[in-house]
Amino acid sequence: MHISQNSMKYLYILILSVFCFTITQAQTATFEWEKASKWVNTNINGVQNPKYVFPTQDGFTVYSVEEIGTRAFAPKKIYISKFDNTGKYASSVEVLLPKRQLKDATLLKIIEGDGKLYIFSNVAVKKDKKNVLYAQVYDNATATISDTYELYTLPIAKVNNSGFFDVELSQDAKTFAVLVNKPFVKKTKEAIDVLILDANLELVSNVEQELSFDSKRSSRETLFVENDATVTLVKKTNLNKKSPITTVITIKGETLKEQQVSADKFYISDCKVITVNSKQYLLGFATDNAKPAVSMGGAKDKSYFIYNISESKLVKNQNWKPEILKKVLGKGFIDLKVKTVLLDGNDIYLIGDRFSKDSEPIPGQNFEYNYTYNFGPGVVIKLNTTGDVAYESYIKYGEEYKNNMERLGSFYPFISNGTLHVLANEKESVLKKKKIVMGYNKINAKAIVLKTYNASGEVTTVPFWNSTVGGERSSVAFAPAQTIQLTDKVFYIYAYGGDKQAFGRMTLE
């Protein structure tokens, strides 16, 4: 049978249309929301500052750190609440931090483990000359809180020089590292203790170490611990000088190794430690000029890098492509932070998020401030441990939020079937390219969008118009940064806007 050229053309268009329709249909989503009206009052215990943990088929858990009373430096209470898989509230427990000599402990960190929530706090008291590190453990299976653990007691002479603690958990949730920075002593070197604990907070080892840095110093440091109990401390010194220094300190058992990673015109702004095939790497963002003129607005990140800690060598320091830079005002990223690093086999996704905040006191109020948070733009780099770069792609977004609205900022990246996806929220007026939008609710109306990155880093954005919570007057915005993933297709998602909030479930179809 002979088919004419015109018929072939129409057949091709038909096939292409069906194919495109199939792709579009595959990227839809359904939403189940608990009514936002049930959470109108943000002072309800347990939902003031919600953080998602423990997603299961039956539901999820939320913890919220809230102040008791309104006075300055008020003690904190932690509410841990359970919700079912439709976002309905089920039950909660309350956790008070420890006290010693009538003094409330200060919350240090809350860490999500394997079915457990670990709450770390400490309090230094002049009367008994001790700075004590505490832990309380919430078991999600039984919804119960443990007795208080005293993990470490640090002798002190005075409270304003009482040392400090940091705690991190390995990726497999089986190993804790506790870093104890002992009180400063003039004309001596910095003294630390490194504790390794198991998931039950049982002590595995305690090693004393002396670093090459002066005890009384000005530095910023970040703690990491790997599955094999290797502890890494990334320390930044000379912070206020023209050439700040980044040093990586690796501790495994009794063995300590220090290596300076930064170099001339290579100053690290933000970074993260990862382990790939039993080797440690440092990767993140850097600049060639750490202290530019004030009129330039601050140091601009000019490159991304990957450094092999295990072999003490810089694998790659790559300047941004012109296509990336031309999209960024001022030809560089200011305040770029490592949002997350995702691993997929030998592929590494380095994901950055520009973030900054400002504050100013509220006139006539004591210790009360208004905060402004700026998010975006972002960037994603796909590379491997040999420095081969598959792509670097710009994440076009940017928002300014005030006070509690901060929770709407940023986005949620995840990998499915070897492809990077990003859940975000965008204004409907921008998505629909409307130049004039009347009415407050319509101006601020948002939709959840799914951004998908192909092998070349090109982005396809699909909006979910049905993601709105409630009617037009009761709708709230969305916070994909507060999304947690249950399966490849199912997510629990949080919505917040003004004085309203809701929990829900999103299913990609």
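## Asp288 and its partner

Asp288 is partly exposed in this predicted model, with a relative accessible area of 36%. Its partner is Lys302: the two form a salt bridge in which the closest N and O atoms are 3.6 Å apart. Asp288 sits in the loop between β22 (279-287) and β23 (300-301), while Lys302 sits in the loop between β23 and β24 (303-308), so this pair ties together parts that are 14 residues apart in sequence. Lys302, like Asp288, is partly exposed, and its relative accessible area is 30%.

## More salt bridges to look for

Side chains of opposite charge can pair when their charged atoms come close. A search through the whole structure turns up 21 salt bridges. One of them joins Lys77 and Glu94, where the closest N and O atoms are 3.2 Å apart. Here strand meets strand: Lys77 belongs to β4 (residues 76-84) and Glu94 to β5 (residues 89-96), so the bridge ties together parts that are 17 residues apart in sequence. The two ends have their own surroundings. Lys77 is buried, at a relative accessible area of 16%, whereas Glu94 is partly exposed, at 48%.

Another salt bridge runs between Lys451 and Glu426, with 2.8 Å between the closest N and O atoms. This pair links distant parts of the chain, since Lys451 is in strand β34 (residues 446-453) and Glu426 is in strand β33 (residues 419-427), 25 residues apart. Are these two residues buried or exposed? Lys451 is buried, with a relative accessible area of 7%. Glu426 also counts as buried, with 14% relative accessibility.

Some bridges share partners, and in this way Lys109, Asp166 and Glu168 are joined into one network.

## A closer look at Asp166 and Asn181

Asp166, a member of that network, is placed in strand β13. Its relative accessibility is 18%, and it counts as buried. The side chains of Asp166 and Lys109 are joined by a polar contact of 2.8 Å.

Next, try finding Asn181 in strand β14 (residues 175-181). This residue is buried, with a relative accessible area of 1%. Which side chain does the side chain of Asn181 contact? The partner is Glu221, and the polar contact between the two side chains is 3.2 Å.

## A positive patch on the surface

Turning to the surface, you can look for four lysines: Lys158, Lys186, Lys187 and Lys216 form a positive surface patch. Lys158 is in the loop that connects β12 (149-155) and β13 (164-169). With a relative accessible area of 46%, Lys158 is partly exposed.

## Apart in sequence, paired in space

Two further pairs are worth finding by following the chain. Asp335 is in the loop between β26 (333-334) and β27 (336-344), and it counts as partly exposed at 29% relative accessibility. From Asp335 to Lys357 there are 22 residues in sequence, and in space the C-alpha to C-alpha distance is 9.8 Å.

Val430 belongs to helix α3 (residues 428-431). It is exposed, with a relative accessible area of 54%. Val430 and Lys446 are 16 residues apart in sequence, and their C-alpha atoms are 9.3 Å apart in space.

## Details of the backbone

The backbone has some details of its own to look at. Where is the cis peptide bond? It joins Gly376 and Pro377, and omega there is about 0 degrees. Pro377 is part of strand β29 (residues 369-383).

Two loop residues have a positive phi despite being residues other than glycine. For Ala229, phi is near 75 degrees; this residue is in the loop between β17 (220-225) and β18 (231-237). For Ser278, phi is near 70 degrees, and the residue lies in the loop between β21 (267-276) and β22. Ser278 counts as exposed, at 74% relative accessibility.

How values were computed: Residues are numbered from 1 along each chain as its sequence is written. This is a predicted model: local features need pLDDT of at least 70, side-chain atom pairs count only at pLDDT 80 or more; totals for chains, interfaces and linings use all residues. Side-chain values use heavy atoms; hydrogens and water are left out. Patches are made of residues with over 30% relative accessible area and no salt bridge: like charges are joined within 9 Å, nonpolar side chains (Val, Leu, Ile, Met, Phe, Trp, Tyr) within 5 Å. Accessible areas come from the Shrake-Rupley method with a 1.4 Å probe; for residues, only the protein chains shown count as cover. A salt bridge is a side-chain nitrogen of Lys or Arg within 4 Å of a carboxyl oxygen of Asp or Glu. Lys and Arg count as positive and Asp and Glu as negative; His and the chain ends are not counted. The place of a charge is taken as NZ of Lys, CZ of Arg, CG of Asp or CD of Glu. Helices (H or I, at least four residues) and strands (E, at least two) are DSSP runs, numbered from the N terminus. Buried means under 20% relative accessible area, exposed over 50%, partly exposed in between (1.4 Å probe, protein chains only). A polar contact is a pair of N or O atoms within 3.5 Å; within protein, one must be able to donate a hydrogen and the other to accept it, and residues adjacent in sequence count only if both atoms are side-chain atoms.
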